[in-house]
Structure formats: C-alpha cells, structure tokens
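Hi there,

Here is the structure I promised to pass on. Have a look at it first, then read my notes below.

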Amino acid sequence: MQYLVSVINDSSDLATDEEDAAIDVFNQRLQAEGHWVFAGGLGGPDMATVIDNRGAESVVTDGPFVETKEWIVGFWIVEAPDLDAALKLAAEGSKACNRKIEVRPFL
C-alpha cells in the first residue's frame, strides 16, 4: 500500500546542512529497503497559485488555498505493508528532517 507522508513546517526556513544530511541518509534507506516511490520539496505558500475552474470562467488566485500558520514543505510517497509500518517510517522521517509529519493512505 502507498502512503503520502507530508512534511509540515511553520516557517520559511530551509533545512539546515545537518537536516539535509539526515534526510539524505533516510532517503537512501527508503530506497534500499524498497519503501521509496517518490519524494520532493515544495516552494513556500507565497509561491502557490490556486485555480478554480468550476464556474463559467477559470479564476486564478496567487497565494495558498488556505491561510494557515503551518504548511506542507515536502513529502515522501512510500510503499509500506500497513499503516503501522508507514507510521514507523514517518516517525523516522520526522526525526531526520526535524519537522512534523502527516501520514495519509492512498485509496
């Protein structure tokens, strides 16, 4: 089963050199153990664009979908046999990147 593991932050600070190194080690482990599907970092909310094409015309708005004090700054998509295994991986990812993590299964 695949899970979205979102990295949550409350500042625009990028990862420190130490955090980057720990993330690299974690990524290598995910790959070596067959959990890796895809991962990436995201631009901050100030770089977001929202598109709403539900009406007669498309509306494009600069900025994030919701105003919040925390936002997703990166993610992993991992393969895990069950939620418990995904949560264990997420806990290790949280330690590596020094950020909060949210886990959601793909349905």
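What follows is a quick tour of the sheet, the helices and one asparagine.

Before anything else, keep in mind that this is a predicted model.

Let's start with the sheet. It's an open one with 4 strands in the order 2-5-1-6, and the pairing is antiparallel. Which strands stand at the edges? Those are strand 2 (36-41) and strand 6 (100-105); each has a single partner strand, so one side of each has no neighbour in the sheet. Going from one strand to the next, the twist averages 20°. In case pairing is new to you: strands of a sheet pair through backbone hydrogen bonds, and they can do that parallel or antiparallel.

Now zoom in on one of those pairs. Strand 2 and strand 5 (residues 71-79) run antiparallel and are joined by 5 bridges. If you'd like a spot to click on, try tryptophan 36, whose bridge partner in strand 5 is valine 78.

On to the helices. Helix 1 lies across strand 2 and strand 5, and it runs at about 25° to strand 5. Helix 2 (residues 83-97) packs on the sheet too, touching strand 1 (2-9), strand 5 and strand 6. The direction of helix 2 makes about 155° with that of strand 6.

Last, the asparagine. You'll find asparagine 27 in helix 1, which covers residues 17-32. Is asparagine 27 buried or exposed? Its relative accessible area is 15%, and buried means under 20%, so asparagine 27 counts as buried. Leaving out residues up to four places away in sequence, asparagine 27 touches Trp36 and Trp76. That Trp36 is the tryptophan that bridges to valine 78.

Cheers

Definitions and conventions:
Residues numbered from 1 in each chain as written. Predicted model: local features only at pLDDT ≥ 70, side-chain atom pairs only at ≥ 80, totals over all residues. Heavy atoms only, no water. Helix = DSSP H or I, 4+ residues; strand = E, 2+ residues; numbered from the N terminus. Buried < 20%, exposed > 50% of the residue type's maximum accessible area, 1.4 Å probe, protein only. Contact = heavy atoms within 4.5 Å. Pairing = 2+ DSSP bridges. Axes fitted to C-alpha atoms, helices over the stretch in contact; angles between N-to-C directions.
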